[in-house]
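Work through the exercises below with the model open. Try each task before reading its solution.

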Amino acid sequence: MASGKGSGAKMVVWGILGLLIIGLGGFGTANFGGGVTRVASVGDEDISVNDYANALRSQMRAIEAQTGQPFSVSQAQDFGLSQQVLDQLLSQAALDGETARLGISVGDEAVRRELLTYDAFKGVDGKFDTAAYKDLLARNNMNEGDFEADLRREAARSILSGALASGITMPPSYGQAVVDWLGERRTITVATLAPSALDTGAPLASDSDIQSWYDAHPDLYTAPEARRITYAWLTPAMLTDKVDLDETALRKLYQDNIASYVQPERRLVERLVFGTEDEAQAAADRIASGQSSFEDETTARGLALIDTDMGDVSEDDLSSAAGPAVFALEGTGVVGPVMSDLGPAIYRVNGTLAGTEISFEDARNELAAEMAADAAARLIADQIETFDNDLAGGYTLEDLANETDMELGQIDWTPESEGGIAAYTDFQQAAASVTLDDYPEIVELTDGGVFALRLDEIVPATVKPLDQVRDQVAADWEADALNQKLTARAEELETSVASGTAIADLGLPVEQFTAITRQDFISTMPAGFMDAVFAPGLKAGGTTLIPGEGRVVIARIETVDAPEHTDENAAIAENYIETAAQGVSTDVIEAFARALRTRDGVTVSQTALNAVHSQLQ
């Protein structure tokens, strides 16, 4: 790993700097009071509870940003994220202790230069703003001294990391080996054996076949553990027929969105602007006489056609002189010169997009649905507090459905459930986390609806009765039996090919793919085709079978060729060499940090960790 800002070797300052990357966008720092001040230490270097809390929360927020789903502390513990964060902080502390022992440090000027690089501290003029710097730190419970001390430690740590990683390289043969593997080219001839080629036809399952398959494969027909949930819900769609629509308001909504319903005729236009009208006229004359073309005139001006492209425009989008001229042209062609907003110009029309007009009467149903949905959502919003009070006052979900517009339902919910209320992410999250001891509460849906739910019981995984899945069992048996027949016949044909029969003489549909690589994708072939034809040990003249999708492909390797010597392959080799070197550098630095941790000793306070996890819940 190389040293320096932005390099792969630079280790993140998890507490403060990590917060700047993610937290300054709106997340405050954790602030733990009391007697608990550290979660761990390496030698004399402590890791404060605030540093650990901020680092863990920053990583949790990053995962939430990537997935769009909440990520809890318990999930961070289950997935090992909390331990990963702690390990990284311990390694940083170990390196900090070593830089102190070796006397590695940086001066104030280096810290100042580092501060000036952060956009978060710049004013509207793009320069470092002292007031903005102090304000951001204050709003995140930080002070200048601690923050700048962290910068100083990070800079010193980078010097040590850079020294450890200095000179680490990978040999050129590493990159070439990767290119040899990725870029190897093979020419493949394939014959496809489909069910129609079988003399015996497709097999049909008997009652005994169905029973035997069902008994032998209970896992295929086992319903997963489910959560039996009762819910009451109300969506705008349930109330639209109870909403009174105002005709005047509907017409106003139509006029407010008139651009969606009335589209004028538009034309695909290119425009070439000239300095004078004489120059524009001369160009138009050359085009009209056939001496030149619009493309030629564009190139002569040192432009590309994309520089003249105006896209699809209406008459109103053009100047008062150009609009009528362009839209008076029938079909395609060149018009002008006419005065444009930029000067004398000639225009080329490449096509016409007809205008459209949807009348209010034709749009009324759509407008009514939109207005009714909005009005229904407002009706629901006005009742949320009442629903909450009813539940708090002892109403059951059944009472709520009887006394209000909410509708009652029940579902055996699993993560695979879909449709109806199970299609809502808010319901999925609530269904996954509700416990038998939870009381129902109102939760809002993204479309303006609401729901409340109750977990009635956990339904254990059970094998479905044969009568419920008979058709599926029969289909599975027949698919397996067909695959066996196809495979057996394909093996006979493969033996024939290996004995010298040309693959084209098998009487099957044949295709050939020339000079393909592992990076290619052939959509007409079964899954796993590329892995099969590039399998280790499969040489030119060899054959292999690839079953899948109700057929078997017989593939023969015709030729195996080395990669082409191209700039792209050279770049791939260089990239892999650099990436591997960075990975080795990271491993060296981490191994060194772990050795320091072993030498200096590590102390971890589980009580402090538990306190952080509890506060971040």
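**Exercise 1. A helix with a buried side**

Task: In helix 5 (residues 108–115), find which residues are buried, and decide where they sit around the axis.

Solution. Note at the outset that this is a predicted model.

Step 1. List the residues of helix 5 that fall under 20% relative accessible area. Val111, Glu114 and Leu115 are buried in helix 5.

Step 2. Look down the axis. The three cover an arc of only 100°, so they lie on the same side of helix 5.

Step 3. Check this against helix geometry. An α-helix has 3.6 residues a turn, so residues three or four places apart point the same way.

Step 4. Identify the cover. Helix 6 (130–139) and helix 7 (144–165) are among the elements that cover the buried residues of helix 5.

**Exercise 2. An open sheet**

Task: Give the strand order of the open sheet of three strands, and explain why one side of strand 2 and of strand 19 lacks a neighbour in the sheet.

Solution.

Step 1. Trace the pairing. The order is 2-1-19, and the pairing is antiparallel.

Step 2. Find the edges. Strand 2 (45–48) and strand 19 (602–604) each have a single partner strand, so one side of each has no neighbour in the sheet.

Step 3. Take the angle. On average, neighbouring strands in this sheet are turned by 15° against each other, direction ignored.

Step 4. Inspect one pair. Strand 1 (residues 38–42) and strand 19 are joined by three bridges in the antiparallel sense. Valine 42 has valine 602 of strand 19 as its bridge partner.

Step 5. Add the helix. Helix 23 (residues 606–615) lies across strand 1 and strand 19. Its direction is at about 135° to strand 1.

**Exercise 3. A buried serine**

Task: Is serine 340 buried or exposed, and what does its side chain reach?

Solution.

Step 1. Place the residue. Serine 340 belongs to strand 9 (residues 333–340).

Step 2. Apply the cut-off. Buried means under 20% relative accessible area. Serine 340 has 6% relative accessibility, so it counts as buried.

Step 3. Look for polar partners. The side chain of serine 340 comes to 2.6 Å from the backbone oxygen of glycine 343. A polar atom of the same side chain, that of serine 340, lies 3.1 Å from the backbone nitrogen of leucine 342.

Step 4. List the neighbours, leaving out residues up to four places away in sequence. Serine 340 touches Arg271, Val273, Ser319, Ala345 and Tyr347.

**Exercise 4. Partners of strand 18**

Task: How many bridges pair strand 18 (residues 551–561) with strand 3 (residues 185–193), and how many with strand 17 (residues 543–548)?

Solution.

Step 1. Start with strand 3. Nine bridges hold the antiparallel pairing of strand 3 and strand 18. Leucine 193 stands opposite valine 552 of strand 18.

Step 2. Turn to strand 17. Strand 17 pairs with strand 18 over six bridges, also antiparallel. Here leucine 545 has isoleucine 554 of strand 18 as its bridge partner.

Step 3. Examine the hairpin of strand 17 and strand 18. Two residues lie between the strands, and glutamate 549 takes a positive phi near 60°.

**Exercise 5. The whole chain**

Task: What radius of gyration does the protein have, set against a compact globule of 617 residues?

Solution.

Step 1. Compare the values. The globule would be near 25 Å; the protein has 35 Å.

Step 2. Read the extents. The C-alpha trace spans about 90 × 85 × 75 Å along its principal axes.

Step 3. Count the elements. There are 23 helices and 19 strands.

Step 4. Check burial. Buried residues make up 39% of the 617 residues.

Key:
Residues are numbered from 1 along each chain as its sequence is written. This is a predicted model: local features need pLDDT of at least 70, side-chain atom pairs count only at pLDDT 80 or more; totals for chains, interfaces and linings use all residues. Side-chain values use heavy atoms; hydrogens and water are left out. Two strands pair if DSSP finds at least two bridges between them. Helices (H or I, at least four residues) and strands (E, at least two) are DSSP runs, numbered from the N terminus. Axes are lines fitted to C-alpha atoms, for helices over the stretch in contact, and angles run from 0 to 180 degrees between N-to-C directions. Contact means heavy atoms within 4.5 Å. Buried means under 20% relative accessible area, exposed over 50%, partly exposed in between (1.4 Å probe, protein chains only). A polar contact is a pair of N or O atoms within 3.5 Å; within protein, one must be able to donate a hydrogen and the other to accept it, and residues adjacent in sequence count only if both atoms are side-chain atoms. The arc is that of the directions from the helix axis to the C-beta atoms. The radius of gyration is taken over C-alpha atoms; the globule rule is 2.2 Å times the number of residues to the power 0.38.
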